[in-house]
Amino acid sequence: MKFTPQNLTPYVSARHYFGSEQRRHREAAKLSLVQLASVVSSSKSTLARIETAELMPPPDLPSRLDAAFGTDKHFHGLYQLAKREAHPDQYRRFMDLEAQAHTVETYEPQVVPGLFQTEAYARVLLRCQEDLSEEQVEERVAARMSRQELRQPAPFRWTIIDESVLRRQVGGRGCMHKQLASLLEQGNTPDSKVQVMPFSAGPHTLMGGALNLLTLPNGSTAAYEEGIETGHLHEGPDVVQKWRRQYEVLRANALPLTASAELIRKAMEDYEACDTPPS
């Protein structure tokens, strides 16, 4: 079976850039993965996973790549940056994976998920963080909006929100009306689905925090659970499967898409549309 190389995303992180540079130099030297593996005493699968940033380079590989390609300390320098991402903060790694995921499934008990937020809604939420300056707020609003830029092909998004998300007023009434209208527009499209977990459903296992499931092009899934101040990223199959089961139970008990849309419409009636942009 012929090997088809995956497209690379070199500018997502230092680890991605390391992998793309390995491929660039390998192809310039007209070496296959098998041939390079023989030169640097590695395996084809290891090098392939490094090129697609699925695997952190082992510490002895950079010097062997530099020797093989005659690149002085090029790969050594890239590794010094990339190794700092071997155990990056959980959220940065989550953002890395979200940018690659072809399916993003979320549950949010308190606020509209970031991928569905309007700019005004996001700004109000970020201003609640007292340690952020106005400049930092605007930087984070821009970053959050950039996450919503549709890739081609666009990721498929499925979100389940608690009914409290509809009832908690964020910003002015006009801000909430526009946010719910945007949510409603995205509630049942080819690329996005929105369900509501109603108060009437009672307690459930995910009440304590938010959950994100990211399905990647290679078929693997990562789970990111988030509390008030901490988040944890799970990439091990057994742990991810536990969160997957809990999410599927939640999906089964949430309102169907049509009923969810109707509840969103009813919540919108409580907020008057406002011509004045929220501050």
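A nonpolar core is a set of buried Ala, Val, Leu, Ile, Met, Phe, Trp, Tyr and Cys residues joined through side-chain atoms within 4.5 Å. The exercises below apply to a predicted model.

**Exercise 1. The cores**

Task: State which residues of the largest nonpolar core touch the most other members, and which elements each supply at least two residues of this core.

Solution:
- Step 1. The largest nonpolar core has 30 residues, and Y121, L166, L180, L183 and I264 touch the most other members.
- Step 2. At least two residues of this core come from each of the helices α6 (90–100), α7 (119–127), α9 (163–167), α10 (173–185) and α12 (257–268), and likewise from each of the strands β3 (192–197) and β5 (221–226).
- Step 3. Take L166 as an example. With neighbours within four places in sequence set aside, L166 contacts I161, M176, L180, L183, V196, L263, I264, A267 and Y271.
- Step 4. Another core of 14 residues lies apart from the largest one; L36, L47, L65 and F69 are among its members.

**Exercise 2. The sheet**

Task: Give the strand order of the six-stranded sheet, then place α12 against it.

Solution:
- Step 1. The sheet is open, with mixed pairing, and its strands run in the order β3-β2-β1-β4-β5-β6.
- Step 2. β3 and β6 (231–234) pair on one side only and are the edge strands.
- Step 3. On average, and with direction ignored, neighbouring strands are turned by 10° against each other.
- Step 4. Within the sheet, β1 (residues 103–108) and β2 (residues 156–162) form a parallel pair over six bridges. In this pair V104 stands opposite R157 of β2.
- Step 5. α12 packs on the sheet and touches β2 and β3; the direction of α12 makes about 70° with that of β3.

**Exercise 3. The cysteines**

Task: Decide what state C128 is in with respect to disulfides, and whether C128 is buried or exposed.

Solution:
- Step 1. A disulfide needs two cysteine sulfur atoms within 2.5 Å.
- Step 2. The search of the whole structure finds zero disulfides. For C128, the nearest cysteine sulfur belongs to C175 and is 11 Å away, so C128 is in no disulfide.
- Step 3. C128 has a relative accessible area of 56% and is exposed, whereas C175, at 2%, is buried.

**Exercise 4. A loop proline**

Task: Locate P217 and list its contacts beyond its neighbours within four places in sequence.

Solution:
- Step 1. P217 sits in the loop between β4 (210–215) and β5.
- Step 2. Its relative accessibility is 57%; because exposed means over 50%, P217 counts as exposed.
- Step 3. Beyond its neighbours within four places in sequence, P217 contacts Q100 and H102.
- Step 4. P217 and T103 are 114 residues apart along the chain, while their C-alpha atoms are separated by 9.0 Å.

Key:
Residues numbered from 1 in each chain as written. Predicted model: local features only at pLDDT ≥ 70, side-chain atom pairs only at ≥ 80, totals over all residues. Heavy atoms only, no water. Buried < 20%, exposed > 50% of the residue type's maximum accessible area, 1.4 Å probe, protein only. Helix = DSSP H or I, 4+ residues; strand = E, 2+ residues; numbered from the N terminus. Contact = heavy atoms within 4.5 Å. Pairing = 2+ DSSP bridges. Axes fitted to C-alpha atoms, helices over the stretch in contact; angles between N-to-C directions.
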